[in-house]
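Thanks for coming. I will go through salt bridges and then cavities, with the structure on the screen.

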Amino acid sequence: MLIAAGDDASAKSGRRERPIESVQSRNAGEPVMAIVSLRTQRITVYDSKGWILRAPVSSGTKGRETPAGIFSVIQKVEEHYSNLYDDAFMPHMQRITWSGIALHGGVLPGRPASHGCIRLPFDFAERLFGETMMGMRVIVAPTDVAPIELAHPLLFQPKPDAAALVAARTTEAQEATRKAAEARTTAATALREATQARAPVRTAEHLKRIAEAQLTAAETKLGSGISAEAKELAEEAKAQAVAKIAELQLQWDVANVNLQLRLDAVTSAREAVAAAETVRVAAAEAAREVARELQPVSVLISRKTQRLYVRQAFKPILESPVTIADPDRPIGTHVFTATERTTSDTGLRWNVVSLGGGRSLGATAELHNRAPGSIGRDVEPEPANPDNAKTALDRIAIPQDVLDRIGNITPRSSLIVTDEALSPETGKGTEFVVVLSGEPQGGIKKRRRSPGNNFRYSHPRSFQFWHTPFGGPFSSW
């Protein structure tokens, strides 16, 4: 079952355009990958169980072709203006290379028409922007391909008890946070009690000063020439003052001892706060470290360089030689993705998308010669050939010590096996970028790569996000 929404601009122009489609036969999950077909000019978004969204696109023109290859979302900006093409408005931009290739809303004339970016219908771009997360895989394929589930011994599985370790570290961090909060509460109480204990000391000191002043006055009076009756009264006042001073001294001593006890309690409580805070910080860092290890891991094996690379959270983790049988024979380009945990929660389900090329250098001209709106209409994506993918995995041998260092594998982790070397686009703030060397690359060759740290995220302003029917907001990493 599908829900289809037509493009208003297409309707006004009288041109029949393929609709935006959403799967409604099941509850859709979080997007795992998007596949853009250059031949059919269509984007299909997949969750762990199949496709969930589909829409037409407009890719690069001849000489500025959108490069076919493997990318991921590395930046999201709701309101973006091009710094290359006359400040052109590119709403709901999702960057896939730092040199400027991106998914964004734009006009779709029914044929390739961009400078290399992938234009989406405006409403679809807004919907997709609200659904995707940083790092989501974007595959730009020469033809319309689809993932297929695959099992193979080389496909990584979660490390035993990894989830339990995360839960334990999280519990420890929560307990340390609770104890630190309790220590701060105890310290605050001790400080309040110490503050209150100062009042009796100050009162006793004040009253003692008054009694001492009265004693001085009585003694002064006794030293002067006074009558017997006045002298008797002065002696009585002196005795009362001496008694009062002794009484107040005792009160001051008791209050001062009590104050010192409270001050000692404050010191002890503050030391306890410092110790608890040290434990809390260490526990929180341990929990974050374990949580980082559970972020999706990307592994790339290149036949061209005979090496294995590992990246996690846009950062390089590991690089090592790898053995590929018959290394001079092409192995293809295959993207294996861990989609979800199995019912036993001890394994992962994997799928594969194979990019075998298949589009000649003249294919872009063929796209331009077709009638607008006729590109790939009603063409279904071609599932990957599992035999080719399995054969590629069969040729690879990864040393055990390298496997041990790869880290824990979670849903959205991936393994890329390719004939290609890493694209120069792979770098700071990116996932692996692989560009198919046998496909036109004008859209990327005409751009100068900018370092990732020259870009920043912008905050939403005037646009309202389309709210997904699939559930709550998705996390980002």
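By salt bridge I mean a side-chain nitrogen of Lys or Arg within 4 Å of a carboxyl oxygen of Asp or Glu. Keep in mind that this is a predicted model.

With that definition, Glu340 and Arg349 form a salt bridge through their side chains, at 3.4 Å from N to O. Is Glu340 buried or exposed? Glu340 is buried, with a relative accessible area of 19%; the cut-off for buried is under 20%. Its partner Arg349 is partly exposed, at 27%. The two also belong to a network of salt bridges that links Lys49, Glu149, Glu340 and Arg349.

Over the whole structure, the search finds 17 salt bridges. Another one joins the side chains of Arg184 and Glu277, again with an N to O distance of 3.4 Å. This pair links distant parts of the chain: Arg184 sits in helix 3, residues 162-222, and Glu277 in helix 4, residues 228-293, with the two 93 residues apart. Arg184 has a relative accessible area of 39% and is partly exposed. Glu277 is partly exposed too, at 26%.

Glu277 also meets the side chain of Arg280 in a salt bridge, at 2.6 Å from N to O. These two are three residues apart in helix 4, so about one helical turn separates them. Arg280 is partly exposed, with 23% relative accessibility.

Now the cavities. There are three of 30 Å³ or more, and the largest holds about 120 Å³ of space. Its lining has 12 residues, with Val32, Gly135, Met136, Arg137 and Arg412 nearest the centre. By class, the lining is five nonpolar, four polar and three charged residues.

Notes. Residues are numbered from 1 along each chain as its sequence is written. This is a predicted model: local features need pLDDT of at least 70, side-chain atom pairs count only at pLDDT 80 or more; totals for chains, interfaces and linings use all residues. Side-chain values use heavy atoms; hydrogens and water are left out. On a 1 Å grid over the protein atoms alone, a cavity is a set of points where a 1.4 Å probe fits but cannot get out, and a pocket is an open set with protein on both sides within 12 Å along at least five of seven lines; lining residues have an atom within 4 Å of a point. Grid points are joined across faces, edges and corners, and a volume is the space filled by probe spheres set on the points. Ala, Val, Leu, Ile, Met, Phe, Trp, Tyr, Cys and Pro count as nonpolar, Asp, Glu, Lys and Arg as charged, and the others, Gly among them, as polar. Helices (H or I, at least four residues) and strands (E, at least two) are DSSP runs, numbered from the N terminus. Buried means under 20% relative accessible area, exposed over 50%, partly exposed in between (1.4 Å probe, protein chains only).
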